[in-house]
Amino acid sequence: MSKRSWPFLLGGLLVALLLAGVVSNYASSHPDGLDSSLLKGCTVNADDEITGGSCPAQQAKDHELADSPLADYGVRGIGNDFLSTGLSGVLGVLLTFAVGGGLFWLARRRGPARATATGPTADAADPVGATATGTPRSTDGR
């Protein structure tokens with residue numbers, strides 16, 4: 001990676017960390033389209049708990065990872081909701097950045113293979129002086 005790419009990469013990471021750590025706390029608490037369509041036919045109280053009626057949301061079960069440390073957009077064990085949500089977002093960004101960076105590192109382009117004593121000689125070392133088949137080329141490029 002060139003030296004000019006690092007400021008752009010770090011700037012993008014900083015913006016993502018700020019958005020995840022601060023702005024994520026101001027996301028809408030109202031259910032999205034899927035959640036609201038699953039609640040049709042039920043009556044819901046102010047805490048979004050089903051109090052009556054019949055709807056598909058009554059069949060919902062907790063996810064297998066509902067007890068994980070970052071479940072429900074927060075960090076378990078932190079009582080302050082603002083801090084918990086922000087920290088969860090920051091950890092998510094850092095984890096995503098680390099996994100993505102690791103994958104890019106694994107898939108990065110390697111430089112051209114160097115010629116060895118058993119490998120190609122004049123063709124690889126002097127591409128202007130010879131053609132791909134090894135025959136000499138004229139100095140005007142033909």
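**Disulfide**

I started at the link of Cys42 and Cys55, which is left-handed, with -95 degrees about the S-S bond. Cys42 lies in strand β1 (residues 42–44), while Cys55 sits in the loop between β2 (50–53) and α3, so the pair ties together parts that are 13 residues apart in sequence. I note here that the model is a predicted one. The S to S distance for Cys42 and Cys55 is 2.0 Å. I looked for further disulfides and have the count for the structure as one.

Next I asked whether Cys42 is buried or exposed. Cys42 has a relative accessible area of 13%, and the limit for buried is under 20%, so Cys42 is buried. For Cys55 I have 6% relative accessibility, and I entered Cys55 as buried too.

**Aromatic pair**

I then went through the rings and found one aromatic pair. The partners are Tyr26 and Phe82, with 6.2 Å centre to centre and 70 degrees between the planes, and I logged the arrangement as edge-to-face. Which parts of the chain does the pair link? Tyr26 is in the loop between α1 (5–21) and α2, and Phe82 is in helix α3 (residues 81–107); the two are 56 residues apart, and the pair links distant parts of the chain.

I checked the accessibility of both partners. Tyr26 has a relative accessible area of 62%, and because exposed means over 50%, I list Tyr26 as exposed. Phe82, with a relative accessible area of 42%, goes down as partly exposed.

**Nonpolar patch**

Tyr26 and Phe82 came up again when I looked at the surface: both belong to a nonpolar patch of about 790 Å². The other residues that make the patch are Leu14, Val15, Leu18, Leu19, Val22 and Val23. Which element gives the largest share of the patch? I have that as α1, with four residues.

I picked out Val15 from the patch for a separate check. Val15 is found in helix α1. Its relative accessible area is 47%, and I recorded Val15 as partly exposed.

**Asp35**

Last, I looked up Asp35, which is found in helix α2 (residues 33–38). The relative accessible area of Asp35 is 38%, which places Asp35 among partly exposed residues. I also took the C-alpha to C-alpha distance from Asp35 to Ala57: the two residues are 8.0 Å apart in space and 22 residues apart in sequence.

How values were computed. Residues are numbered from 1 along each chain as its sequence is written. This is a predicted model: local features need pLDDT of at least 70, side-chain atom pairs count only at pLDDT 80 or more; totals for chains, interfaces and linings use all residues. Side-chain values use heavy atoms; hydrogens and water are left out. Buried means under 20% relative accessible area, exposed over 50%, partly exposed in between (1.4 Å probe, protein chains only). Rings of Phe, Tyr and Trp (its six-membered ring) pair if their centres lie within 6.5 Å; planes under 30 degrees apart count as stacked, over 60 as edge-to-face and the rest as tilted. A disulfide is a pair of cysteine sulfur atoms within 2.5 Å. Patches are made of residues with over 30% relative accessible area and no salt bridge: like charges are joined within 9 Å, nonpolar side chains (Val, Leu, Ile, Met, Phe, Trp, Tyr) within 5 Å. Accessible areas come from the Shrake-Rupley method with a 1.4 Å probe; for residues, only the protein chains shown count as cover. A salt bridge is a side-chain nitrogen of Lys or Arg within 4 Å of a carboxyl oxygen of Asp or Glu.
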